[in-house]
Amino acid sequence: MAPALFILLWAAVIPRADLLPDKKSLLLPPTNFTVQVIGLAQVLLRWEPNPDQEPKNVELGYHVRINGPQEEDYETRNTESKRVTVLHQGFSASVQTIPWNGHSLLASDWVSAELKAPPGSPGTSVVNLTCTTNTTLNNYDPLRPFQVSLYCTWLVGKDAPEDTHYSLYYRYGSSTEECQEYRKDTLKRNIACWFPRTFISSRGSDWLAVHANGSSKRATIKPFDQLFALHAIDRINPPVNVTAEIEGTCLSIQWEKPISAFPVHCFEYEVKIYNTRKNYFQTEKMTTNTFISIIDDISKYSIQVRAAVSSVCRQMGFWSEWSQPIYVGHDDQKLSTEWFLIVLMATICFLVLIFTLICKTGHLWTRLFPPVPAPKNSIKDIFVIVSPEKTVSSETEIEVISYVEEPGLETLEDSVF
């Protein structure tokens with residue numbers, strides 16, 4: 001009985017012992033792990049393999065974990081790593097040794113390093129920092145036909161003193177530049193910045209890091225960092241040389257790609273056609289720079305085109321502004337109304353003229369509108385003088401009646417009345 005019980009206990013204990021980790025199978029953590037700031041919103045993580053690691057022939061890798069300000073995990077075989085991240089909230093990371101070739105060795109413990117958040121009074125850093133880029137032709141360097149400008153705006157921190165002086169910097173790749181052209185508020189505090197020429201690549205995909213710090217005699221101004229993806233802030237120019245023509249009922253529209261370093265095949269377009277007579281909009285998307293449509297030939301049309309860099313060449317961004325409208329066709333309804341009024345007025349004038357001539361020629365005007373007779377003088381009718389006049393022949397006698405006005409009597413009449 002006792003030997004059997006011993007055998008059962010041995011069978012139960014042996015598997016548990018097999019499950020215990022072997023100290024030699026546990027990898028050792030890296031050594032000398034450090035985090036160093038090497039640029040605006042950029043840090044270098046560096047470590048070394050553990051010199052006591054056994055066995056020596058094991059292929060090792062490393063698992064890196066960014067703890068803050070944003071969590072991120074990735075694996076690498078290198079012993080250093082560059083990261084782009086905001087630093088005004090501090091930065092911390094951890095790293096551990098892992099087997100790279102799928103060996104059964106267990107990952108090591110974590111080792112960590114961190115950067116403290118920079119000093120500054122709460123509520124003094126800039127807020128609502130926004131930036132946009134725009135590509136223009138470069139007339140200064142023939143080797144770089146395009147140049148990128150940068151414009152940033154922000155609001156003053158709610159607790160920033162009145163004497164706060166903000167400064168803005170940007171970093172793209174290995175190039176860093178401080179703003180020289182600021183716009184100020186009523187208290188002469190910087191609230192916007194303009195970089196007419198930058199080191200930003202017009203076709204780049206790297207992060208744009210923007211850093212704003214400040215100074216004041218009354219408080220320590222807290223710095224602020226922000227990262228921008230270029231596709232999200234690039235303000236694409238509208239298409240150029242938009243033309244349109246109508247042949248019968250066929251509307252043909254053509255244009256050229258925007259001013260941009262991207263080639264022709266990288267763009268897609270939207271065409272907006274507005275029928276002014278029917279008050280109707282038509283919008284079409286396409287990847288070519290030509291559009292043909294069937295229309296009615298009695299309307300006037302307004303045409304605009306806008307562009308965006310397609311996902312073929314980079315991550316999709318925003319649409320450009322619409323191009324300036326161009327007009328084709330004729331608004332026949334408006335023209336017909338104008339011609340009708342002109343013809344109507346001319347007809348009325350012609351009829352009035354004809355009627356006037358007819359009335360004048362046939363004395364019809366006098367018959368229709370006879371003159372009003374003047375009133376007679378009753379006093380003059382009283383004094384009628386009848387005098388006989390004899391002619392050469394004695395046989396005929398003509399009686400002539402004459403009206404004679406007596407001057408003296410007329411004067412008397414006037415004096416009486």
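This is a guided tour of a predicted model, arranged as a series of selections to make in the viewer.

**The whole chain**

Begin with the entire protein in cartoon view, where the secondary structure comes to six helices and 24 strands. If you colour by accessibility, 32% of the 417 residues count as buried. Among the contacts with a separation of 6 or more, 61% are between residues 24 or more positions apart.

**A sheet of three strands**

Select β1, β2 and β5, which form an open sheet in the order β1-β2-β5 with antiparallel pairing. The strands at the edges are β1, residues 31–39, and β5, residues 80–84, and because each has a single partner strand, one side of each is left without a neighbour in the sheet. Neighbouring strands here are turned by 20 degrees against each other on average, direction ignored. Now look at β2, residues 42–48, which is joined to the antiparallel β5 by five bridges, and show Arg46, which stands opposite Glu80 in β5. Before moving on, display the side chains of Phe33, Trp47 and Tyr62, which together form one aromatic cluster.

**Asn50, in a loop**

Next select Asn50, which is found in the loop between β2 and β3, the latter spanning residues 60–68. Is Asn50 buried or exposed? With a relative accessible area of 16%, Asn50 falls under the 20% limit and therefore counts as buried. The side chain of Asn50 reaches the backbone nitrogen of Asp52 at 2.9 Å. Leaving aside neighbours within four places in sequence, Asn50 is in contact with Leu28, Pro29, Pro30 and Thr31, so showing these four residues around Asn50 completes this view.

**The largest nonpolar core**

Move on to the largest nonpolar core, which has 26 residues and in which Leu129, Leu168 and Leu208 touch the most other members. Two or more residues come from each of the strands β8 (127–137), β9 (146–155), β10 (165–172), β13 (190–195), β14 (207–215) and β15 (224–229), and also from the helix α2 (230–233). Centre the view on Leu168, whose contacts, not counting residues up to four places away in sequence, include Leu129, Cys152, Trp154, Cys193, Phe195 and Val210. Another core, of 20 residues, lies apart from this one, and Ile236, Leu251, Trp255 and Val328 are among its members.

**An aromatic pair**

The count of aromatic pairs comes to seven. For one of them, show the rings of Tyr170 and Phe195, whose centres are 5.0 Å apart and whose planes stand at 80 degrees, so the pair is edge-to-face. This pair links distant parts of the chain, since Tyr170 is in strand β10 and Phe195 is in strand β13, 25 residues apart. Both partners are buried: Tyr170 has a relative accessible area of 0%, and Phe195 has one of 3%.

**Asn190, in strand β13**

Stay with strand β13 and select Asn190, which is found there and is buried, with a relative accessible area of 1%. Which side chain makes a polar contact with the side chain of Asn190? The partner is the side chain of Lys184, at 2.6 Å. Not counting residues up to four places away in sequence, Asn190 touches Trp154, His165, Tyr166, Tyr182, Arg183 and Lys184.

**A strand with two faces**

Now select β20, residues 290–294, and show its side chains. In a regular strand the side chains alternate between the two faces of the sheet. In β20 the covered face carries Phe291 and Ser293, whereas Thr290, Ile292 and Ile294 lie on the uncovered one. Add β17, residues 250–256, which is joined to the antiparallel β20 by five bridges, and find Ile253, whose bridge partner in β20 is Phe291.

**A sheet of four strands**

For the last stop, select the open sheet of four strands with the order β19-β18-β21-β22 and antiparallel pairing. The edges are held by β19 (280–286) and β22 (326–329), each with a single partner strand, so one side of each is left without a neighbour in the sheet. From one strand to the next, the twist averages 25 degrees. Finish at β21, residues 300–309, which four bridges join to the antiparallel β22, and show Lys300 together with Gly329, its bridge partner in β22.

Note on methods. Residues numbered from 1 in each chain as written. Predicted model: local features only at pLDDT ≥ 70, side-chain atom pairs only at ≥ 80, totals over all residues. Heavy atoms only, no water. Pairing = 2+ DSSP bridges. Axes fitted to C-alpha atoms, helices over the stretch in contact; angles between N-to-C directions. Buried < 20%, exposed > 50% of the residue type's maximum accessible area, 1.4 Å probe, protein only. Polar contact = N/O pair within 3.5 Å; in protein donor to acceptor, adjacent residues only side chain to side chain. Contact = heavy atoms within 4.5 Å. Core = buried A, V, L, I, M, F, W, Y, C linked by side-chain atoms within 4.5 Å. Phe/Tyr/Trp six-rings, centres within 6.5 Å; stacked < 30°, edge-to-face > 60°.
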